[in-house]
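The following report is meant for someone meeting this structure for the first time. It moves from the whole chain to single residues.

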Amino acid sequence: MRADARKNRDHLLAVAGTVIAEQGVDASLRDIARKADVGLATLLRHFPTREALLEALLHTSFDELTAKADELETSSSPEDALVSWLRDCVAWTTEYRGVTVLMAAAIEDTESALHASCVTLRAAGTRLLARAQAAGMARTDIDGTDLFALIAALAWLGDQPSLASRADRLFEVVASAILTR
């Protein structure tokens, strides 16, 4: 990619990140282009769909959360690794209102631009859960899909103004329900 095209793409991603953090994943693509001082056609040339834009925007975060799972797997107890990673995932999903709805749909849609990243993220959580289960520290009647759904549910709480103040306490309730302590 040419240097000027890379610069334009990076600028679009920076602006999109700000707009989506403020307005959620349903933010107007036209509004993103306008705030980036480019035409909609320019935005669509770089990112032909909303999902393509979101995948580019979120890809680094997905990679970081996957790497965090790998790191925790070797540096923390199974219980601490699972809870720490779960907390990081929930915190990240609340940065972009509505992202969990897209992630839940994308994990089932192999044609989605977000599919591969979501599957990789779920696999990372599944490994941490399986490790905690093998150590007798997590209940065995849940799997990675359940864990992914719990992340979405906890993130949804953070998106609800009337429930956001309860999100941390309810995280602890859910985490203690997963663990067998």
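The text below describes the overall layout, the annotated regions, the nonpolar core, one helix pair and a few individual residues.

## Overall layout

The model is a predicted one, and its secondary structure comes to nine helices and zero strands. Read from the N terminus, the elements therefore follow the order α-α-α-α-α-α-α-α-α, where helices and strands are taken as DSSP runs. Along its principal axes the C-alpha trace spans about 55 × 40 × 25 Å. Of the 181 residues of the protein, 43% count as buried. Among the contacts with a separation of 6 or more, 65% are accounted for by residues 24 or more positions apart.

The protein is divided into domain 1, which covers residues 1-48, and domain 2, which covers residues 50-178. The centres of the two domains, taken over C-alpha atoms, are separated by 26 Å. To the contact between them domain 1 gives 16 residues and domain 2 gives twelve residues.

## Annotated regions

Two features come from an unreviewed UniProt entry. The annotation "domain: HTH tetR-type" covers residues 6-65, and the feature "DNA-binding region" is placed at residues 28-47. The table sets out what the model shows over these two spans.

| Residues | Helix | Strand | Distance between end C-alpha atoms |
|---|---|---|---|
| 6-65 | 80% | 0% | 25 Å |
| 28-47 | 70% | 0% | 14 Å |

## The nonpolar core

In soluble globular proteins, nonpolar side chains tend to be buried together. Here the largest nonpolar core has 55 residues, and those with the most contacts inside it are Ile20, Ile32, Leu58, Leu82 and Trp85. At least two residues of this core are supplied by each of α1 (3-23), α2 (29-35), α4 (50-75), α5 (78-93), α6 (99-106), α7 (115-134), α8 (144-159) and α9 (167-178). The largest share, nine residues, comes from α4. The core also draws at least three residues from each of domain 1 and domain 2.

Two residues give a closer view of the surroundings of α4. Leu58, one of the residues with the most contacts inside the core, touches Trp92, Tyr96, Val99 and Leu114, when residues up to four places away in sequence are not counted. Phe62 is found in helix α4, and with a relative accessible area of 1% it is buried, because that value is under the 20% limit. Not counting residues up to four places away in sequence, Phe62 touches Trp92, Met103, Leu114, Ser117, Cys118 and Leu121. Trp92 and Leu114 thus appear among the contacts of both Leu58 and Phe62. The C-alpha atoms of Phe62 and Ala116, which are 54 residues apart along the chain, are separated by 10 Å.

Leu102 lies in helix α6. Leaving aside its neighbours within four places in sequence, Leu102 is in contact with Val25, Leu54 and Leu114. The C-alpha atoms of Leu102 and Thr60, 42 residues apart along the chain, are separated by 17 Å.

## The pair α5 and α9

Two packed helices are described by the angle between their axes and the distance between the axes. For α5 and α9 the angle is about 145°, and the axes are 11 Å apart. The crossing of these two helices is right-handed. From α5 the contact is made by Leu82, Val83, Leu86, Arg87 and Val90, and from α9 by Phe171, Glu172, Ala175 and Ile178.

## Two aspartates

How do Asp31 and Asp37 stand in terms of burial, and which of them is buried or exposed? Asp31, found in helix α2, has a relative accessible area of 12% and is classed as buried, because buried means under 20%. Leaving aside its neighbours within four places in sequence, Asp31 is in contact with Val19 and Gln23.

Asp37 has its place in the loop between α2 and α3 (40-46). Its relative accessibility is 73%, so Asp37 counts as exposed, the limit for that class being over 50%. The phi angle of Asp37 is near 60°, a positive value in a residue other than glycine. Both aspartates fall within the residues 28-47 that UniProt gives as "DNA-binding region" in the unreviewed entry.

Definitions and conventions:
Residues are numbered from 1 along each chain as its sequence is written. Side-chain values use heavy atoms; hydrogens and water are left out. UniProt positions are given in the numbering used here, feature names are shortened, and annotations may be inferred rather than shown by experiment. Helices (H or I, at least four residues) and strands (E, at least two) are DSSP runs, numbered from the N terminus. A nonpolar core is a set of buried Ala, Val, Leu, Ile, Met, Phe, Trp, Tyr and Cys residues joined through side-chain atoms within 4.5 Å. Buried means under 20% relative accessible area, exposed over 50%, partly exposed in between (1.4 Å probe, protein chains only). Domain bounds come from an automatic or database domain assignment. Contact means heavy atoms within 4.5 Å. Axes are lines fitted to C-alpha atoms, for helices over the stretch in contact, and angles run from 0 to 180 degrees between N-to-C directions. A crossing is left-handed if the near helix is turned anticlockwise from the far one by less than a right angle, and right-handed if clockwise.
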